[in-house]
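Grab a pencil and work through these short exercises with the model open beside you. Each task comes with a solution you can follow step by step.

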Amino acid sequence: MEKIFNSLLFKVFCGIALGILLGNYAPDWLYRILVTFKSLFANFLNFSIPLIMIGLIMPSIGDLEKNAGKLLAITVVIAYGFTLFSGFSTYFVGDTLFNSLLENEQIGTLEDHSRSLPPYFTIDMPPIFDVMTALLLSFIVGIGLSVREAPVLTNVVKEFGDIVKWLITKAIIPVLPYYIMTIFAEITFSGQVASVMVVFFKLIIILFIMHIVLLLLQYIFAGLISGKNPIKSLGTMLPAYATALGTQSSAATIPVTLRQSLKLGISQRIAGFVIPLCATIHLSGSTMKITACALALMMLQGTPYDFSMFAGFIMMLGIIMVAAPGVPGGAIMAALGVLHSMLGFDENQQALMVALYIAMDSFGTACNVTGDGAVALIVDKIAKRPQTADED
């Protein structure tokens, strides 16, 4: 029970419930304090996003080449391909079905409602540079570190990455439930909470079904290449799925994922390399959640979108997911920058995305680690082909 009470998911749900209560019953002076906190934390979050992207992406890309050569490239391509397939298939399914599944639901922007109160004060915290500058700098330096020896700069980048991870785990993630509480207090105060909660539960059910379908497709594809029974292989990986539901961390689930992948007949050498690597670079489930939630929110708020907008977003998201740290909520924190820069999400939409993401974090993580077994099956088959040719 103590583990449940200390989990981020439980705290987020408590924040949502408390925010609804405060939005309904808090006096104006208390509500304005909440709005003031929301404004300050939102500004701090906007300031931190470019730093988060640099601190996570730069060392992650810089470390890739140091693990292995050709095998690394094959694993990265397969993992990225799975992630892109997850994102694009989610877009097409959502674009086709969400309008009917979320029929009669609508969320307006909070600013459109006359019932609101201003914060007591606010403090501007302009970012050092914008999101695209942070991305380009991260790619240039990260790729440079991956192809040449630069021990001094490598250590600086890693230490800065450690500081950013500390910022996320100690200063941002613990405050998120309170931030979400203020968002839901504002939503309730403006009279939209009923529609938002209905949308939340509908999306959770829809995405759970989509996760199962995605895993089936991944293992069918892996089975076609490896010759393994896809249903039996998926069943073998279910203990990893169940473990990830509890840990909410791909990294923490590695021992179980590795054990189950060996039961699939994957060689120790391949499994020992692919499974830990995919815990960092393969996030199909997380990409599905972010893409689906972003598309649904844009539909519900009447925000115009098209395929070209989401195509660029999904391709960039697949790269950024590599930078997601092994902590609950890390993927959505890494994605906030492109949600703002490419889809135009404001602070309220970003907060709703965080709440939606964390509410389904366990299922997304479970989808990620279970799919790692499919990646390992494909890499193992590819790695064995040259040996078979030599024997012939």
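**Exercise 1.** Work out which contacts dominate the fold and how much of the chain is buried.

Start with contacts, meaning heavy atoms within 4.5 Å. Of those with a separation of 6 or more, 86% join residues 24 or more positions apart. Next, burial: 54% of the 392 residues are buried, that is, under 20% relative accessible area, with exposed over 50% and partly exposed in between (1.4 Å probe, protein chains only).

A quick note on the ground rules: this is a predicted model, where local features need pLDDT of at least 70 and side-chain atom pairs count only at pLDDT 80 or more, while totals for chains, interfaces and linings use all residues. Residues are numbered from 1 along each chain as its sequence is written, and side-chain values use heavy atoms, leaving out hydrogens and water.

**Exercise 2.** Count the helices and strands, then check the span of α14.

Step one: the tally is 17 helices and zero strands. These are DSSP runs numbered from the N terminus (helices H or I, at least four residues; strands E, at least two). Step two: α14 covers residues 307-320, 14 residues in total. Its first and last C-alpha atoms are 20 Å apart, close to the expected 20 Å at 1.5 Å a residue; the expected span is 1.5 Å times one less than the number of residues. Step three: look for buried residues in α14, and you'll find F310, F313 and L317 among them.

**Exercise 3.** Is F85 buried or partly exposed, and where does F85 lie?

First, find F85 in helix α4, residues 70-101. Then read its relative accessible area: 40%, so F85 is partly exposed.
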